[in-house]
Amino acid sequence: MSARTLRRAMNWWPPYLFAGVRVLHLADDWSSARVRLRLHRFNTNYVGTHFGGSLFAMGDPFWMLLTMNRLGREYVVWDKAGEIEFVSPGRGDVFADFKLTEDRLEEIREATEDGGKALPWFENDVVAADGTVVARVHKQLYVRRKRLDGQQHRAERTTTD
């Protein structure tokens, strides 16, 4: 699937559509993405600011999507862990940018060249329109080269579920 097609599909995906998340940009080469979360009654918390789950969800799939598409089909890429740090209340539109550099990909390739797994962490900020940091999101991926015959190890499938 092309990046353009996936971006359009994600904007109609019910969890994003009803939460107010919009994928503004997904690079054709899978090197970057930009996402916006609008504040509305479906994604506010008790005190009228952005619901934390929506802040986390707006960036949840992007490190995995960018990495798996840049590395190609010879790699297994899964989300492994995630955490969020709330920095300041979000009271309007907020944005998250994701940029996957070639240097980062090379680190992953080197870590997995002997068949081992890599567990890289990625971080990005969720920022308000004025640049104020609203939250910091940390995501960890599980990455491993596939076996030469294209089949995953049984243990590999069970440890990532």
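**Fold, burial and aromatic packing in a predicted model**

Of the 161 residues of the protein, 40% count as buried. The model is a predicted one. The overall dimensions come first, then the secondary structure, and then single residues.

With 161 residues, a compact globule would have a radius of gyration near 15 Å. The protein has 17 Å, which agrees. The C-alpha trace spans about 50 × 30 × 30 Å along its principal axes. About 9,200 Å² of the protein is exposed. Carbon and sulfur atoms supply 51% of this exposed area. Charged side chains number 24 positive and 22 negative. The centres of these two sets lie 8 Å apart.

The protein contains 6 helices and 7 strands. Along the sequence they follow the pattern α-α-β-β-α-α-β-β-α-β-β-β-α. Contacts across long stretches of sequence are a further feature. Among contacts with a separation of 6 or more, 65% join residues 24 or more positions apart.

Helix α4 covers residues 62–71. This helix is mostly covered, with 7 of its 10 residues buried. The buried residues are Phe62, Trp63, Met64, Leu65, Leu66, Thr67 and Leu71. Just after α4, Gly72 takes a positive phi of about 95 degrees.

Phe62 is found in helix α4. Its relative accessibility is 0%, so Phe62 counts as buried. Neighbours within four places in sequence aside, Phe62 is in contact with Met10, Tyr16, Val23, Ala33, Val35 and Phe98. Pro15 offers a distance to set beside this list. Phe62 and Pro15 are 47 residues apart in sequence, and their C-alpha atoms are 15 Å apart in space.

Aromatic rings come next. The structure holds 4 aromatic pairs. One of them is formed by Trp63 and Phe122, and this pair is stacked. The ring centres are 4.7 Å from each other, with 20 degrees between the planes. Stacking requires planes under 30 degrees apart. Trp63 lies in helix α4, whereas Phe122 lies in strand β6 (residues 121–128). The pair therefore ties together parts that are 59 residues apart in sequence. Both Trp63 and Phe122 are buried. One aromatic cluster takes in Phe62, Trp63, Phe98 and Phe122. Within this cluster, Phe62 and Phe98 are also in contact.

Arg70 is another residue of helix α4. With 21% relative accessibility, Arg70 counts as partly exposed. The cut-off explains this label, because buried means under 20% relative accessible area. Apart from residues up to four places away in sequence, Arg70 touches Asp29, Trp30, Ser31, Leu100, Glu102, Leu105 and Arg109. Glu102, one of these partners, is 32 residues from Arg70 in sequence. In space, the two C-alpha atoms are 9.1 Å apart.

Trp30, also touched by Arg70, lies in the loop between β1 (21–26) and β2 (32–37). This residue has a positive phi of about 65 degrees although it is not a glycine. Trp30 counts as buried, at 10% relative accessibility. A positive phi is thus found at Gly72, just after α4, and at Trp30, in the loop between β1 and β2.

Strand β7 (residues 133–145) holds Gln140. Gln140 is buried, with a relative accessible area of 10%. Its neighbours within four places in sequence aside, Gln140 is in contact with Trp78, Asp79, Lys80, Ala81, Leu119, Pro120 and Trp121. Trp121 belongs to strand β6, which covers residues 121–128.

Ala9 lies in helix α1 (residues 3–12). Ala9 is partly exposed, with a relative accessible area of 38%. Ala9 and Ile84 are 75 residues apart in sequence. Their C-alpha atoms are 26 Å apart in space.

How values were computed
Residues are numbered from 1 along each chain as its sequence is written. This is a predicted model: local features need pLDDT of at least 70, side-chain atom pairs count only at pLDDT 80 or more; totals for chains, interfaces and linings use all residues. Side-chain values use heavy atoms; hydrogens and water are left out. Helices (H or I, at least four residues) and strands (E, at least two) are DSSP runs, numbered from the N terminus. The radius of gyration is taken over C-alpha atoms; the globule rule is 2.2 Å times the number of residues to the power 0.38. Buried means under 20% relative accessible area, exposed over 50%, partly exposed in between (1.4 Å probe, protein chains only). Contact means heavy atoms within 4.5 Å. Accessible areas come from the Shrake-Rupley method with a 1.4 Å probe; for residues, only the protein chains shown count as cover. Lys and Arg count as positive and Asp and Glu as negative; His and the chain ends are not counted. The place of a charge is taken as NZ of Lys, CZ of Arg, CG of Asp or CD of Glu. Rings of Phe, Tyr and Trp (its six-membered ring) pair if their centres lie within 6.5 Å; planes under 30 degrees apart count as stacked, over 60 as edge-to-face and the rest as tilted.
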